[in-house]
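Thanks for sharing this one with me. I have put my comments into numbered points so that you can follow them with the structure open beside you.

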Amino acid sequence: MFGLWKKRKDDWERGGGKVYCIVGLGNPEKKYENTRHNIGFDVIDALAEKYSIAVRERGFKALFGKGVIEGQRVLLVKPQTYMNLSGESVREITDYYKMDAEEDLIVISDDISLEVGRIRIRKRGSAGGHNGLKNIIKHLGTEQFMRIRMGVGEKPEEWDLVDYVLGHFPKEEREKMDQGMKDAVAAVGIMVTEGPDKAMNVYNKKKAKKPAAAESGERTETASAEVHQKSADARTVESGMHITAGTDTERDVHKMAEKSLKEKKDETADRD
């Protein structure tokens, strides 16, 4: 097993072309495992498992691994500086490999403004109050880098923010997050092969609109109701019942009644 890992590492070192640095944010101690704030680490672990990448090298104030995702060379990185100092690790590793942050860096972080399990991809942007992103922006001197934001849900009013993000997912949320992690892993595959725009088109969709069939059904029901109402109003006029004057419906109904009476007179005249 070790021999296979070493061969893959050697092949990676000899390979040419672009290298993507994929950084998952989190805190290194065991007590933080599987918390909301560590979802970035969880996605790195999921990527490592799917693509057989050993994330166990130490350096650049991080745990990292070298591997290949969908034919592209990558570094999977879990900074060990604690969240608030993530930028120190990211700056060291991007400087060492002479990476262009805008083109080569993908950062995965938690986001309390997104519903649980939903992901959103961005090519640039502010930290949005996230201390890990804030520190990366500070050390890189730019907001121009790709990121995958992992929705962990909004903090309940009665909760303290720190307690919330360092808390664990309840069972019903864990299932949604597992799907969100699968989406994030797939999104990384798209980003390194087809670019962030393609991934954004797939995963940044808003809530789906009502199906066309449903909308058509609603329009049909509305039209049917309007027709039924006009028919009822016409019968009311013919029976001499009162209709409030001055409305469009009232005028239409009177025209329908007058036309009906005229047609009946014409029919009588033809028979005579």
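**Notes on the fold, the pocket and the charged pairs**

1. Let me begin with the charged pairs: the structure holds ten salt bridges. Please keep in mind as you read that this is a predicted model. As a reminder, side chains of opposite charge can pair when their charged atoms come close. Three of these pairs are worth a visit.

2. Start with Lys18 and Asp104, a salt bridge whose closest N and O atoms are 2.6 Å apart. Lys18 sits in the loop between helix 1 (2–14) and strand 1 (19–24), while Asp104 belongs to helix 4 (residues 101–104), so the pair ties together parts that are 86 residues apart in sequence. How buried or exposed are the two partners? Lys18 is partly exposed, at 35% relative accessibility. Asp104, at 10%, counts as buried, because the cut-off for that class is under 20%.

3. Next comes Glu88 with Lys61, where the closest N and O atoms are 3.0 Å apart. Here helix 3 (residues 86–96) supplies Glu88 and the loop between strand 2 (57–59) and strand 3 (62–69) supplies Lys61, so parts 27 residues apart in sequence are tied together. Glu88 is partly exposed at 24% relative accessibility, and Lys61 is partly exposed at 41%. If you display the side chains here, include Glu92 too: Lys61, Glu88 and Glu92 are linked in a network of salt bridges.

4. The third pair is Asp197 and Lys123, with the closest N and O atoms 2.9 Å apart. This salt bridge links distant parts of the chain, with Asp197 in helix 8 (residues 196–203) and Lys123 in the loop between strand 6 and helix 5, 74 residues apart. Asp197 is partly exposed at 43% relative accessibility, and Lys123 is partly exposed at 26%.

5. Now to the sheet. What is the order of its strands? The sheet is open, has seven strands in the order 2-3-4-1-5-7-6, and its pairing is mixed. Strand 2 and strand 6 are the edge strands; each has a single partner strand, so one side of each is left without a neighbour in the sheet. From one strand to the next, the twist averages 25 degrees.

6. Strand 7 deserves a closer look, as both of its pairings can be followed residue by residue. In general, strands of a sheet pair through backbone hydrogen bonds, either parallel or antiparallel. With strand 5 (residues 105–111), strand 7 pairs in the parallel sense over six bridges. Along this pairing, Val107 has Arg147 of strand 7 as its bridge partner, and Asp111 stands opposite Gly151. With strand 6 (residues 119–122), strand 7 pairs in the antiparallel sense over four bridges. Here Arg120 has Arg149 of strand 7 as its bridge partner.

7. Is strand 7 largely enclosed or open to the outside? Six of the six residues of strand 7 (residues 146–151) are buried, so the strand is largely enclosed by the rest of the structure. In a regular strand the side chains alternate between the two faces of the sheet. Both faces are covered in strand 7: Met146, Ile148 and Met150 are buried on one side, and Arg147, Arg149 and Gly151 are buried on the other.

8. The largest pocket is a good next stop, with about 530 Å³ of space in it. Its lining is made up of 27 residues, and those nearest the centre are His37, Asp110, Gly129, His130 and Asn131. Which elements give two or more residues to the lining? They are strand 5, helix 5 (131–140), strand 7 and helix 6 (161–165). By class, the lining has ten nonpolar, eleven polar and six charged residues.

9. Finally, a couple of backbone details. Ser52 has a phi near 55 degrees, a positive value in a residue other than glycine. Ser52 is in the loop between helix 2 (39–50) and strand 2, and it is partly exposed, with a relative accessible area of 45%. Lys61, met above in the salt-bridge network, also has a positive phi, near 55 degrees. Lys61 lies in the loop between strand 2 and strand 3.

Conventions. Residues numbered from 1 in each chain as written. Predicted model: local features only at pLDDT ≥ 70, side-chain atom pairs only at ≥ 80, totals over all residues. Heavy atoms only, no water. Buried < 20%, exposed > 50% of the residue type's maximum accessible area, 1.4 Å probe, protein only. Pairing = 2+ DSSP bridges. 1 Å grid on protein atoms, 1.4 Å probe; cavity = no way out; pocket = protein on both sides within 12 Å on 5 of 7 lines; lining within 4 Å. Points joined across faces, edges and corners; volume = space filled by probe spheres on them. Nonpolar A, V, L, I, M, F, W, Y, C, P; charged D, E, K, R; others polar. Salt bridge = Lys/Arg side-chain N within 4 Å of Asp/Glu carboxyl O. Axes fitted to C-alpha atoms, helices over the stretch in contact; angles between N-to-C directions.
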